[in-house]
Amino acid sequence: MVTDKTRRSAFIEQNLGLVHACAGRFRGRGIEYDDLYSAGCMGLVKATDGFDEGRGVCFSTYAVPVILGEIKKLFREGGTVKVSRSLKELGLRVNAAREHHRKLCGTEPTLSQLAEELGESVENITLAIQAAQPALSLTPEGENSDRQIDIPVESPEEELADKIGLAEVLESLPEEDRLLIRLRFYANRTQSETAKVLHTTQVQISRRERKILRKMRERLLE
């Protein structure tokens, strides 16, 4: 757990990429990206406060399931992150502070700088920014905007989130099903070779494989 306030804020800011990666997995499923991101930020804060380095795992391995849990809870509860009046007011203050900083320094302030200036936590600043303004387009507007193309690029954090989610689903399978998947997709064995190891037939392996993969897809989308 990161206890020092300044270090904690910096740590949260450094790991916001994990939130984007997790939220990106749920695009196009009926909830606005800003709401997904806001829920994910709450998960990141919980993960930061609950992380114990003594457990011997890296922070991302611990944090991704927590972040995903908050986002999935958003779907279970039906919808959007409720934005309070105080958060909307903070959003206005954040925008004013950002504008002042840009004029004064010529650069965009970091979340930590905004938090320090306004006497707020990094997580509140993050949520306020999301509440106060619409999502920004990655395609610049202007006379040359027709030359710009949005190209989705999978980030390392997104790949990590996918791998952790897959590992969780794999570990939830019965031992024999887990062995089948490891032989087929990690050891690159053919269905016939896998059948020999599991003392069954290639046809049975093919049927079980389809059933297991269907189950894994369903759990990944839960």
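## An aromatic cluster

F11, F51, F59 and Y62 join up into a cluster through ring pairs. Keep in mind that this is a predicted model. The tally of aromatic pairs here is 5.

Take F11 and F59: their ring centres sit 4.7 Å apart with the planes at 70°, and since anything over 60 degrees counts that way, the pair is edge-to-face. F11 belongs to helix α1 (residues 5–14) and F59 to helix α4 (residues 59–76), so this pair ties together parts that are 48 residues apart in sequence. F59 itself is buried, at 8% relative accessible area.

## A tilted pair on the same helix

Helix α4 also holds F75, whose partner F26 lies in the loop between α2 (16–24) and α3 (33–50); the pair therefore links parts 49 residues apart in sequence. Here the ring centres are 5.6 Å apart and the planes meet at 40°, so the pair is tilted.

How exposed or buried are the two partners? F26 is buried, with a relative accessibility of just 2%, while F75 comes out as partly exposed at 26%.

## How far to trust it

The protein chain has an average pLDDT of 75, and 76% of the residues reach at least 70. Element by element, helix α10 (residues 191–197) has the highest mean pLDDT, 89, and helix α8 (residues 156–171) the lowest, 66.

Then there's the stretch at residues 133–155, where the pLDDT is below 50. In the model, that stretch makes 14 contacts beyond near neighbours in sequence.

Notes. Residues numbered from 1 in each chain as written. Predicted model: local features only at pLDDT ≥ 70, side-chain atom pairs only at ≥ 80, totals over all residues. Heavy atoms only, no water. Phe/Tyr/Trp six-rings, centres within 6.5 Å; stacked < 30°, edge-to-face > 60°. Helix = DSSP H or I, 4+ residues; strand = E, 2+ residues; numbered from the N terminus. Buried < 20%, exposed > 50% of the residue type's maximum accessible area, 1.4 Å probe, protein only. pLDDT = per-residue confidence, 0-100. Contact = heavy atoms within 4.5 Å.
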